[in-house]
Amino acid sequence: MSVTIVFGFFGLASGERMRTVRAGSSTATYHCVYHTTIQCTSGAVLPAMLRVYSPYNDVVLADNTVAFVSAKVAVPTNIPGDPILLEGIYVAAVPGDATSDEYEHHIPDFPHPMVVGLGSVTAPPKTLSDGTSKAFDVVSTDYVHDTRMTSTVSCVFDTARPRWSKTPLPNQNTVVFYVGRFSDVASTGGLQVELESIARNVGVVDTRLNTATSSSPPSKRRKFMAVVPKHE
């Protein structure tokens, strides 16, 4: 099992409602397809195509509408020659007049989307030319735009930063879960991800986990619960 998912605010344009009929089926499915971009922390702006399920009587969003998007990602090896493909999971348009100069003033300053991924480390980690940054490639496969696609990202973290100075590198052929932001086009193809968090050896059971239950007395039920209430 593997997946790459991106979420953040995206500018949308050139929307088009499209009809799809899968092979061997007579049922039509409708999607809205938009041109958009992935804005990297390095300043690179890369072309992308967002497809989102379109219910009956759906309306295409106006050009330059900003939407909060979560989507599965397919990363091509030929970037920026080929667009990054996004399969929308959830899309919520920011309300207002997209043609207004004031439209973006009330949108959070969050132009670089977050990416989370689960995949396999395909090669031994390496040290980059700066001498402190470590990198390793992660491969994931998922259905995007009705096709099973394989994506490779290069995960990078800087051991000169205190939070990463003692982080062990993942081993080849292990599964990792990572969180970060797209930072640039990777030198080996695909996209580079600047890591914010990583979990190594996903799927391996940690027998050191403490399964003891709390003996604290029950508290009153809250409207917004931070923990799951226990049932006697």
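This presentation covers the fold, the salt bridges, the internal spaces and two contact sites of a predicted model.

Good morning, colleagues. I shall begin with the overall architecture. The secondary structure amounts to eleven strands and zero helices. Read from the N terminus, the order of elements is accordingly β-β-β-β-β-β-β-β-β-β-β. The protein has 232 residues, of which 35% count as buried. If we take contacts between residues at least 6 apart in sequence, 62% of them join residues at least 24 apart. The exposed surface comes to about 14200 Å², and carbon and sulfur atoms supply 53% of that area.

Let me turn to the charged pairs. As a general remark, side chains of opposite charge can pair when their charged atoms come close. How many salt bridges does a search of the whole structure find? The search returns four, and I shall discuss three individual pairs, beginning with E87 and R51.

In the pair formed by E87 and R51, the closest N and O atoms are 3.2 Å apart. This pair links distant parts of the chain, since E87 belongs to strand β5, residues 84-93, and R51 to strand β3, residues 45-53, with the two positions 36 residues apart in numbering. Are these partners buried or exposed? E87 has a relative accessibility of 11% and therefore counts as buried, the cut-off being under 20%. R51 is buried as well, with a relative accessible area of 8%.

R51 has a further partner, D146, and here the closest N and O atoms are 3.0 Å apart. This pair also links distant parts of the chain: R51 is in strand β3, whereas D146 is in the loop between β8, residues 133-144, and β9, residues 147-158, and the two are 95 residues apart. D146 has a relative accessibility of 34%, so this residue counts as partly exposed. Taken together, R51, E87 and D146 are linked in a network of salt bridges. The network thus includes the buried residue R51 and the partly exposed residue D146.

The third pair is D142 with K72, whose closest N and O atoms are 3.7 Å apart. Here the link runs between strand β8, which holds D142, and strand β4, residues 65-74, which holds K72; the separation is 70 residues. D142 is buried, at a relative accessible area of 17%.

I now come to the internal spaces. The structure holds one cavity of 30 Å³ or more, and the largest cavity has a volume of about 40 Å³. Which residues line the largest cavity? They are V3, T4, G117, L118, G119, V138, V139, S140, S151, T152, V153 and Y178. The elements giving two or more residues to this lining are β1, residues 3-21, β6, residues 114-121, β8 and β9. In chemical terms, the lining divides into six nonpolar residues, six polar residues and no charged residues.

The second largest pocket contains about 280 Å³ of space. Its lining has 16 residues, and F9, G11, Q39, V66 and E104 are the ones that lie nearest the centre. At least two lining residues come from each of β1, β2, residues 28-39, and β4. Which element gives the most to the lining of this second largest pocket? Strand β1 does, with five residues. The composition of this lining is nine nonpolar, five polar and two charged residues.

Finally, I should like to describe two residues that touch one another, T65 and A98. T65 is located in strand β4. With a relative accessibility of 7%, T65 counts as buried. Beyond its neighbours within four places in sequence, T65 is in contact with F10, G11, L12, A93, A98 and Y103. One of these, G11, is also among the residues nearest the centre of the second largest pocket.

A98 lies in the loop between β5 and β6. What is the burial state of A98? A98 is buried, at a relative accessible area of 17%. Not counting residues up to four places away in sequence, A98 touches D63, N64, T65 and Y103. As for D63, its C-alpha atom is separated from that of A98 by 7.3 Å, although the two residues are 35 apart along the chain. Y103 appears among the contacts of T65 and also among those of A98.

That concludes my presentation, and I thank you for your attention.

Definitions and conventions:
Residues are numbered from 1 along each chain as its sequence is written. This is a predicted model: local features need pLDDT of at least 70, side-chain atom pairs count only at pLDDT 80 or more; totals for chains, interfaces and linings use all residues. Side-chain values use heavy atoms; hydrogens and water are left out. A salt bridge is a side-chain nitrogen of Lys or Arg within 4 Å of a carboxyl oxygen of Asp or Glu. Helices (H or I, at least four residues) and strands (E, at least two) are DSSP runs, numbered from the N terminus. Buried means under 20% relative accessible area, exposed over 50%, partly exposed in between (1.4 Å probe, protein chains only). On a 1 Å grid over the protein atoms alone, a cavity is a set of points where a 1.4 Å probe fits but cannot get out, and a pocket is an open set with protein on both sides within 12 Å along at least five of seven lines; lining residues have an atom within 4 Å of a point. Grid points are joined across faces, edges and corners, and a volume is the space filled by probe spheres set on the points. Ala, Val, Leu, Ile, Met, Phe, Trp, Tyr, Cys and Pro count as nonpolar, Asp, Glu, Lys and Arg as charged, and the others, Gly among them, as polar. Contact means heavy atoms within 4.5 Å. Accessible areas come from the Shrake-Rupley method with a 1.4 Å probe; for residues, only the protein chains shown count as cover.
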